[in-house]
Every structure is written in C-alpha cells, then in structure tokens.
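Let's take a walk through this protein together, from its interior outwards. Have the sequence and the 3D view at hand as you read.

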Amino acid sequence: MMEPRTAPYLAMVYHDGAVYERPAKWEPHFSIVLKQGEALFFPPGFIHETVNVNESRGSCAASVTFQFMLPMAARMYRRFLPRVRRTADIHEAWPFIAQWAGLGKPGPPQGLPYGEARAQALGSSGAGAAFLRVDANKDDSLEWTELLAKFPHGEAVNILGFHDLDGDGTISREEFAEAFGFWAGTVRDVVEDTPEKFRKFQLRDMVGDFNIEDLPPKTQQQLLRAARDLEAKRAAAAATAPAGASAAAGGEL
C-alpha cells in the first residue's frame, strides 16, 4: 500500500517505475502468481506492477485492469484517510469521501478543526443538520432503512461503511461526529500544510472544477520539493523529540 505521509503531495508520485527511482529499495508487500483463468482483486491505492514469469519460454501475457465503482472501499478510505488525502495519485476519491463524511452534503473544502467539526456534527446546524434530516425517527441513530430512504443503494452502502465504526449496521450520532471530525480535521491539516500559493489547487480539485493531474510540470516539481522538504523537517524533529512526545501530523487511527 502507499506509504504514510506527513506532508501533502499535490503532484503524482507513483508514475510508472517511480518506486525504483528512490534511494531506498522498494519491495512489494505481496507477490502473487496467477494461473490461466485467474484474476487478482486489490483495493484502490495499492501500488502494483505485472511481470510475465514465462518470458524465457517465449510466451507473452496481457494485463488488463477493471475498476469497480460499487461498492467503494469506504472503510479503507476512512481507516487510511490521512495518507489518502495527502496523496494526489488517488485524488479522484477526495470528493466522494467528502460526500460520505457529510451525509451527502460535503463540509467546507478547507476542512475544520477536529473539535469544531465534531461539535457541529453533534449540533443542529451544518453536519448536524444533515444527520437530523436522515434520522427520520429522531433516535440519534441512522438505520439502514433510513439511509435507503434518502440515498441510492450504492451511496447508502458507502456512507454506512464510512461511519459505522463498530460494525453493527447502524450509525450512531457519536460515530457520525467522530468520522466527520476525523475527515474535517484531516482536510484542514492538509490544506494548512500546503504552501499558501498552492492551496487553491487543493480546494478547486475538491469541488471538481480542476484536475490536479493537469498542473504544469514545473509546478509539480515545486510541489514535490515543498512536500519532501516538509517531510524531511518533520522526520528530523521526530528523531530528536523526547520519548512520549506526540506524533507528527498524518497519524492514522
């Protein structure tokens, strides 16, 4: 899987062959040999390559990728949100995640402080109002039938997967507040870590009127340098921090 990050990367870092251009040796977590008639399923965000193992015999092989939109990997996106939101290679997922986090009404693209977002979700405005609109029986819990009454089936599946932290098939008000706060706080950290002159790219990509992949090469190189410099600075600070000090930004639950 793509590695954890402590800085926002707004340029593609996983172009073909990029993992072999790094100083440290890259090794895959899994190596799988497929036989005739078999296929491999892997989640989004996994770095992968295919190799023909029978080249010496003069044979050839074709690699064809099919992407499945429903259901989406909502639980995985929530679990690894900090690295997903800091990796532009998977930026197509950012607007989807914002929709799930806000129950169909995404919060501000610049995010919110965790505590403020959590309080909003427990209140009656903003994210809290979105929860109350879905909670038809007003019991501070969203059941499957209530989700289906407001969202298409596939979207309901994704929202449940993102917010149902204990896996009981419902979304409590507390679970909603925690997941929304986690999303909003992560986004805010990412936007604030982005150099101010580049923040517009983060925000515009979130609302869908710009594609980060279209950034000019020169700008991409500037963004890569800024991210790598910030990561190096934070790594150095963590190495000299006293035992028990808090972790750098980008930690995951």
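## The nonpolar core

In this predicted model, the largest nonpolar core is made of 57 residues. Ile97, Leu147 and Trp183 have the most contacts inside that core. At least two core residues come from each of these helices: helix 1 (74–79), helix 2 (81–85), helix 3 (93–101), helix 4 (114–122), helix 5 (127–134), helix 7 (153–163), helix 8 (173–193) and helix 10 (217–240). Which helix gives the most to this core? Helix 8 does, with 9 residues.

## The overall layout

Stepping back, the protein has 10 helices and 2 strands. Read from the N terminus, the order of its elements is α-α-α-α-α-β-α-α-β-α-α-α. Along the principal axes, its C-alpha atoms fill a box of roughly 65 × 50 × 40 Å. Of the contacts between residues at least 6 apart in sequence, 69% join residues at least 24 apart.

## Inside and outside

Of the 253 residues in the protein, 38% are buried. The protein exposes about 14500 Å², and 55% of that area is supplied by carbon and sulfur atoms. As for charge, there are 27 positive and 33 negative charges, and their mean positions lie 5 Å apart.

## One face of helix 4

Helix 4 is a nice one to look at down its axis. Its buried residues are Ala117, Arg118 and Ala121. These buried residues of helix 4 fall within an arc of 100° when seen down the axis, so they line one face of the helix. The background is simple: an α-helix has 3.6 residues a turn, so residues three or four places apart point the same way. The partners that the buried residues of helix 4 pack against are helix 5 and helix 8.

## Backbone details worth a look

Where does the chain hold a cis peptide bond? Leucine 70 and proline 71 are joined by one, with omega about -10°. Proline 71 sits in the segment before helix 1.

Two residues other than glycine deserve a visit for their positive phi. Leucine 103, in the loop between helix 3 and helix 4, has a phi of about 55°. Is leucine 103 buried or exposed? Its relative accessibility is 4%, so leucine 103 counts as buried, the cut-off being under 20%. Aspartate 140 has a phi near 60° and is found in the loop between helix 5 and strand 1 (141–142). With 39% relative accessibility, aspartate 140 counts as partly exposed.

Methods. Residues are numbered from 1 along each chain as its sequence is written. This is a predicted model: local features need pLDDT of at least 70, side-chain atom pairs count only at pLDDT 80 or more; totals for chains, interfaces and linings use all residues. Side-chain values use heavy atoms; hydrogens and water are left out. Helices (H or I, at least four residues) and strands (E, at least two) are DSSP runs, numbered from the N terminus. Buried means under 20% relative accessible area, exposed over 50%, partly exposed in between (1.4 Å probe, protein chains only). Contact means heavy atoms within 4.5 Å. Accessible areas come from the Shrake-Rupley method with a 1.4 Å probe; for residues, only the protein chains shown count as cover. Lys and Arg count as positive and Asp and Glu as negative; His and the chain ends are not counted. The place of a charge is taken as NZ of Lys, CZ of Arg, CG of Asp or CD of Glu. A nonpolar core is a set of buried Ala, Val, Leu, Ile, Met, Phe, Trp, Tyr and Cys residues joined through side-chain atoms within 4.5 Å. The arc is that of the directions from the helix axis to the C-beta atoms.
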